Amino acid sequence: MNQTQDRVGFLGLGIMGEPMALRLVRAGVPLVVWNRSPRAAETLAWAGAEAAESVADVFHRSRIVILMLAGTVAIDAVLGPAGHRQPELFAGKTIVNMGTVSPAYSQQLDDEIRAAGGVYVEAPVSGSRRPAEGGALIGMLAGPERAVGEVSPIIEHLCSSVTYCGAIPAALTMKLSVNVFLIAMVTGLTESFHFAQRHGLSLDALRQVLDAGQMSSPISRLKSEKIVANDWAPQAAIRDVLMNSALITDAARGRGIASPLLDVCRALYDEAVQRGDGSLDMAAVVRAIADRTASTPTRQEPGDTISIRRSRGDSDYSAFAEIWRRAVDATHDFLAIGDRNAIEARLRAEYFPSVTLSAAEVGGRTVGFCGTLDGSLEMLFVDPAHHGNGVGTALLRHAITNHHVTKVDVNEQNTSALRFYEHHGFEIVRRSPIDEAGRPYPLLHLTHNATR
């Protein structure tokens with residue numbers, strides 16, 4: 001067997017793809033990787049994978065190619081749009097799609113790959129980043145039995161269970177069926193905690209009751225822990241749950257069947273995305289539920305008042321760095337781990353001392369901060385536990401009023417931040433394809449419309 005036959009290609013190193021690819025490398029699978037952002041590919045190269053220069057290079061050097069791309073838009077961007085793909089890539093190759101797309105799209109992809117002389121296998125997985133890191137995903141396979149038998153040993157490195165579902169698109173239809181239960185269950189769990197909280201019950205006590213009962217499961221225990229801790233770092237992001245909800249309800253309409261629970265969930269997760277929570281974990285949908293609360297205001301304790309103060313210098317840096325890390329983990333999933341660590345290493349020595357810092361406090365505890373320089377907002381970060389509670393707005397208004405801020409730069413991938421600034425009167429004036437350090441993170445440059 002030649003080297004091309006030995007190698008396995010892997011396209012897509014995002015929240016799920018990176019830990020999955022790392023597991024394959026550590027299991028001894030000779031992996032050739034490519035990612036639209038090269039930083040993640042560099043991480044895999046350090047672990048022992050081969051980093052390809054292009055998508056075509058992956059196909060050239062591999063006979064089996066795994067796609068872990070975030071939906072149809074990403075697949076079309078990488079392989080070319082339907083009807084205009086590159087058939088020369090597919091001839092003699094087995095393409096394994098592990099991402100979540102509609103069954104109809106998957107069927108079309110199968111038709112195009114077979115017409116080009118290739119073989120297509122569906123291999124979607126159920127689970128989030130933590131199971132991906134531990135090899136505990138649940139795999140579903142569909143496609144020609146011979147090809148499924150060939151790729152199964154590779155998929156088994158990533159999964160605690162693998163089920164053959166039949167012909168294309170049975171595996172993706174099965175994945176959507178699983179997600180009907182998953183989304184409805186987690187959404188119901190969040191509503192349960194919201195109901196208890198508004199009745200003055202202890203959320204920790206509710207968690208203990210649920211964990212001890214017959215309804216307890218690994219996912220309920222994980223999400224309950226996150227809700228009690230106000231930990232919205234994404235395991236499964238709200239925007240991805242919205243995408244899955246849309247796939248489910250659209251597939252239901254295509255068969256003329258009802259999806260009453262998922263219709264409600266789709267609307268609710270859409271509200272969560274619109275309020276700027278798309279990058280947060282799906283458990284944070286509880287915040288959108290709270291937005292629907294009847295108009296009777298809740299009593300605000302004196303300690304809930306947001307106060308803004310000038311930074312105390314070095315003595316604040318530890319708290320600011322912790323807030324930065326938590327906020328970035330919750331909202332900057334596009335940032336490669338290596339880049340995140342490199343930025344964090346420079347916070348206290350370089351970034352914090354170079355700007356005028358202000359802190360936001362609630363009940364005497366620092367929950368956010370901002371940094372300004374010459375009329376530009378250089379940084380604004382809020383503890384995820386206080387997202388949506390007005391802390392960011394208070395900091396921004398303080399920066400505008402007291403430090404005469406008129407400009408801010410936003411990562412293009414950070415759509416929730418962009419909506420936040422646009423809501424407060426900022427407008428995009430230009431775009432840069434890289435950030436100020438030359439990294440592949442496009443920046444949007446905004447100015448306050450009152451100054452234009």
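Where is Asn230 found? In this predicted model, Asn230 sits in the loop between H12 and H13. Its backbone stands out a little: phi of Asn230 is near 50°, a positive value in a residue other than glycine. As for solvent, Asn230 comes out as partly exposed, with a relative accessible area of 32%.

His404 has a backbone of this kind too, with phi near 55°, again a positive value in a residue other than glycine. The residue belongs to the loop between H18 and strand E14 (407–411). With a relative accessible area of 59%, His404 is exposed. One more backbone feature is the peptide bond between Ile168 and Pro169, which is cis, with omega at about 5°. Pro169 falls in the loop between strand E9 (159–166) and H10.

Next come the helix contacts. Helix H13 (residues 238–255) and helix H14 (residues 260–274) have axes that come within 9 Å and cross at roughly 150°. The crossing of H13 past H14 is left-handed. On the H13 side, the residues taking part are Ile238, Arg239, Val241, Leu242, Ser245, Ala246, Ile248, Thr249, Asp250 and Arg253. Their counterparts in H14 are Leu262, Asp263, Arg266, Tyr269, Asp270, Ala272 and Val273. Sorted by class, this contact of H13 with H14 holds nine nonpolar, two polar and six charged residues.

H14 also meets helix H10 (residues 170–198), the two axes coming within 10 Å and crossing at roughly 60°. This crossing of H10 and H14 is left-handed. H10 brings Val180, Ile183, Ala184 and Thr187 to the contact, while H14 brings Leu261, Leu262, Cys265, Leu268 and Tyr269. What is the make-up of the H10 contact with H14 by class? The count gives eight nonpolar residues, one polar and no charged ones. Leu262 and Tyr269 of H14 turn up in the contact with H13 and in the contact with H10.

Ser224 offers a view of another helix, H12 (residues 218–229). Ser224 is buried, its relative accessible area being 1%. Setting aside neighbours within four places in sequence, Ser224 is in contact with Leu189, Phe193 and Arg207.

On to the charged pairs. How many salt bridges does a search of the whole structure find? The search turns up 30 salt bridges. One of these pairs is Arg129 with Glu18, whose side chains meet at 3.8 Å, N to O. Arg129 is in helix H8 (residues 129–134) and Glu18 is in helix H2 (residues 17–26), so this pair links distant parts of the chain, 111 residues apart. Arg129 is buried at a relative accessible area of 19%, and Glu18 is buried as well, at 8%.

Asp383 and Arg326 form another salt bridge, with the closest N and O atoms 3.2 Å apart. Because Asp383 lies in the loop between strand E13 (376–382) and helix H18 (391–403) and Arg326 in helix H16 (residues 314–331), the pair ties together parts that are 57 residues apart in sequence. Asp383 is buried, with a relative accessible area of 3%, whereas Arg326 counts as partly exposed at 26% relative accessibility.

The side chains of Arg340 and Asp329 meet at 2.8 Å, N to O, in a salt bridge. Here the tie is between helix H17 (residues 337–351), which holds Arg340, and helix H16, which holds Asp329, so parts that are eleven residues apart in sequence are brought together. Arg340 is buried at a relative accessible area of 15%, and Asp329 is partly exposed at 27% relative accessibility. Elsewhere, Arg7, Glu50, Asp57 and Arg61 are joined into one network by salt bridges that share partners.

That leaves the cysteines. The structure holds zero disulfides. Why is Cys159 without a bond to Cys165? The sulfur of Cys159 is 12 Å from the sulfur of Cys165, its closest cysteine sulfur, and that is too far for a bond, given that a disulfide needs the two sulfur atoms within 2.5 Å. Seen from the other side, Cys165 is in no disulfide, and its nearest cysteine sulfur is that of Cys159, 12 Å away. Cys159 is buried, with a relative accessible area of 9%, while Cys165 is partly exposed, with a relative accessible area of 21%.

Terms used. Residues are numbered from 1 along each chain as its sequence is written. This is a predicted model: local features need pLDDT of at least 70, side-chain atom pairs count only at pLDDT 80 or more; totals for chains, interfaces and linings use all residues. Side-chain values use heavy atoms; hydrogens and water are left out. Buried means under 20% relative accessible area, exposed over 50%, partly exposed in between (1.4 Å probe, protein chains only). A salt bridge is a side-chain nitrogen of Lys or Arg within 4 Å of a carboxyl oxygen of Asp or Glu. Helices (H or I, at least four residues) and strands (E, at least two) are DSSP runs, numbered from the N terminus. Axes are lines fitted to C-alpha atoms, for helices over the stretch in contact, and angles run from 0 to 180 degrees between N-to-C directions. A crossing is left-handed if the near helix is turned anticlockwise from the far one by less than a right angle, and right-handed if clockwise. Contact means heavy atoms within 4.5 Å. Ala, Val, Leu, Ile, Met, Phe, Trp, Tyr, Cys and Pro count as nonpolar, Asp, Glu, Lys and Arg as charged, and the others, Gly among them, as polar.
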